[in-house]
Amino acid sequence: MIFEFTTAPGFDFISLFAKQINVSVRDNLLEIPKTMGEGYVRRVAFGPDFKLTIHRYNLKEDLIVKRNPAGKPNNVRTIFFYNNTEERELKYYSEENIPFAQRNDAFVLLSTNDLKTEIRFPAGSDIHYMVVGITSERLHSILSIEKPNNTIEKIVAEDASFLFFENFDAELQLILKNIVAVDMHNSLNNFYVQIKVLELMYLLFSKLSIRENTIVKNINSNDAEKLLLIRNEILNDLGTPPILNELAGIASMSETKLKQLFKQTFGDTIYNYYQRARMEEAAFLLKQAKHSVSEVGYELGFSNLSHFSKLFEKHYGITPKKFSNTR
């Protein structure tokens, strides 16, 4: 199933989605019909300029959600909070599928609405995420930062175009679970959910506020597509260190532009991003897949297991052997 929409002031995802699948929305809740699967989409409004949509369902067929860029520039900022263990896919214009997440990955995506996106959810997957739509004016008022860094300034500025990723840590995941678990029949629960969403946003902007204070450039959909393609190249082979000139060729960018936009979008250099993903994959293989330390080290391209152990300990504060034994 394909659901395609264009974001604009007054846009309401749940009403358009309900119309497409021919169901009613009652008390801001859309229940997935049994013929399609199970679950729901919930709408929570904290005002005309600050809204939340909660998605939690498992469908019998693939769902492709296409967001077209707004016809006119608008000041809406979209924040996707993903907390999924299933693989997701995100595309920017290109027809090539780009993995949206690693195993057990969860993260936050913050963007303007002028970027065309496509999110694909495979059938039989537990879909679990939230989307916040908020105007730059309301966001600026909520943040109330006297001396914001360049990243925050870009996010609340007019005529901005950006895409930022942040990791979704355990604290964020716990808050998200608390929000999803709320029974909205209690009259005060809207208030509770708003507090928890603000808490999520506080943690997100705490991360963004400590990013390196360099010039933040506008980004277009073509650049976003290429950056996600590069991310895919890095994550597809964690046993081989990324080679900058090769990645620049794939992205059709200069090395300077690629380095700048990658760090701006993902918050770290290409090599550091690769090393962090490498260590996260090592932790997954040790803990979940139950591979031995030597198997993991060699699989991730380490010819010297002592170097692997030192790097892992630097990242997690514990040796891979001890980490593996804490099962």
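The following legends describe close-up views of a predicted model.

**View 1. The second largest pocket and its lining in the predicted model.** The pocket shown here, the second largest, has a volume of about 520 Å³. Its lining is made up of 31 residues, and those closest to the centre are Phe11, Val76, Thr78, Val131 and Gly133. Five elements each give two or more residues to this lining: β4 (50-59), β5 (63-68), β6 (76-83), β9 (117-121) and β10 (127-135). Strand β10 gives the most, with six residues. Sorted by class, the lining holds 16 nonpolar, 10 polar and five charged residues.

**View 2. His55 and its surroundings in strand β4.** His55 has its place in strand β4. Is this residue buried or exposed? His55 counts as buried because its relative accessible area is 1%, and the cut-off for a buried residue is under 20%. The side chain of His55 makes a polar contact with the side chain of Tyr57, at 2.9 Å. When residues up to four places away in sequence are not counted, His55 touches Phe13, Tyr40, Val41, Ile127, His128, Tyr129 and Val131. One of these residues, Val131, also appears in View 1, among the residues closest to the centre of the second largest pocket.

**View 3. Asn22 and Asp27 in the loop between α1 and β2.** Asn22 lies in the loop between α1 (13-21) and β2 (29-31), and Asp27 is likewise found in the loop between α1 and β2. Most residues other than glycine have a negative phi. Asn22, however, has a positive phi, near 60°, and the phi of Asp27 is also positive, near 55°. Are these two residues buried or exposed? Asn22 counts as exposed because its relative accessibility is 70%, and Asp27 is exposed, with a relative accessible area of 71%. The cut-off for an exposed residue is over 50%.

**View 4. The two faces of strand β1 and its pairing with β5.** In a regular strand the side chains alternate between the two faces of the sheet. Strand β1 (residues 2-6) has a covered face, formed by Phe3 and Phe5. The uncovered face of β1 holds Ile2, Glu4 and Thr6. Which strand is joined to β1 by five bridges? The partner is β5, and the two strands run parallel. Within this pairing, Phe3 of the covered face stands opposite Val65 in β5. Strand β5 was also named in View 1, as one of the elements that give two or more residues to the lining of the second largest pocket.

How values were computed:
Residues are numbered from 1 along each chain as its sequence is written. This is a predicted model: local features need pLDDT of at least 70, side-chain atom pairs count only at pLDDT 80 or more; totals for chains, interfaces and linings use all residues. Side-chain values use heavy atoms; hydrogens and water are left out. On a 1 Å grid over the protein atoms alone, a cavity is a set of points where a 1.4 Å probe fits but cannot get out, and a pocket is an open set with protein on both sides within 12 Å along at least five of seven lines; lining residues have an atom within 4 Å of a point. Grid points are joined across faces, edges and corners, and a volume is the space filled by probe spheres set on the points. Helices (H or I, at least four residues) and strands (E, at least two) are DSSP runs, numbered from the N terminus. Ala, Val, Leu, Ile, Met, Phe, Trp, Tyr, Cys and Pro count as nonpolar, Asp, Glu, Lys and Arg as charged, and the others, Gly among them, as polar. Buried means under 20% relative accessible area, exposed over 50%, partly exposed in between (1.4 Å probe, protein chains only). A polar contact is a pair of N or O atoms within 3.5 Å; within protein, one must be able to donate a hydrogen and the other to accept it, and residues adjacent in sequence count only if both atoms are side-chain atoms. Contact means heavy atoms within 4.5 Å. Two strands pair if DSSP finds at least two bridges between them.
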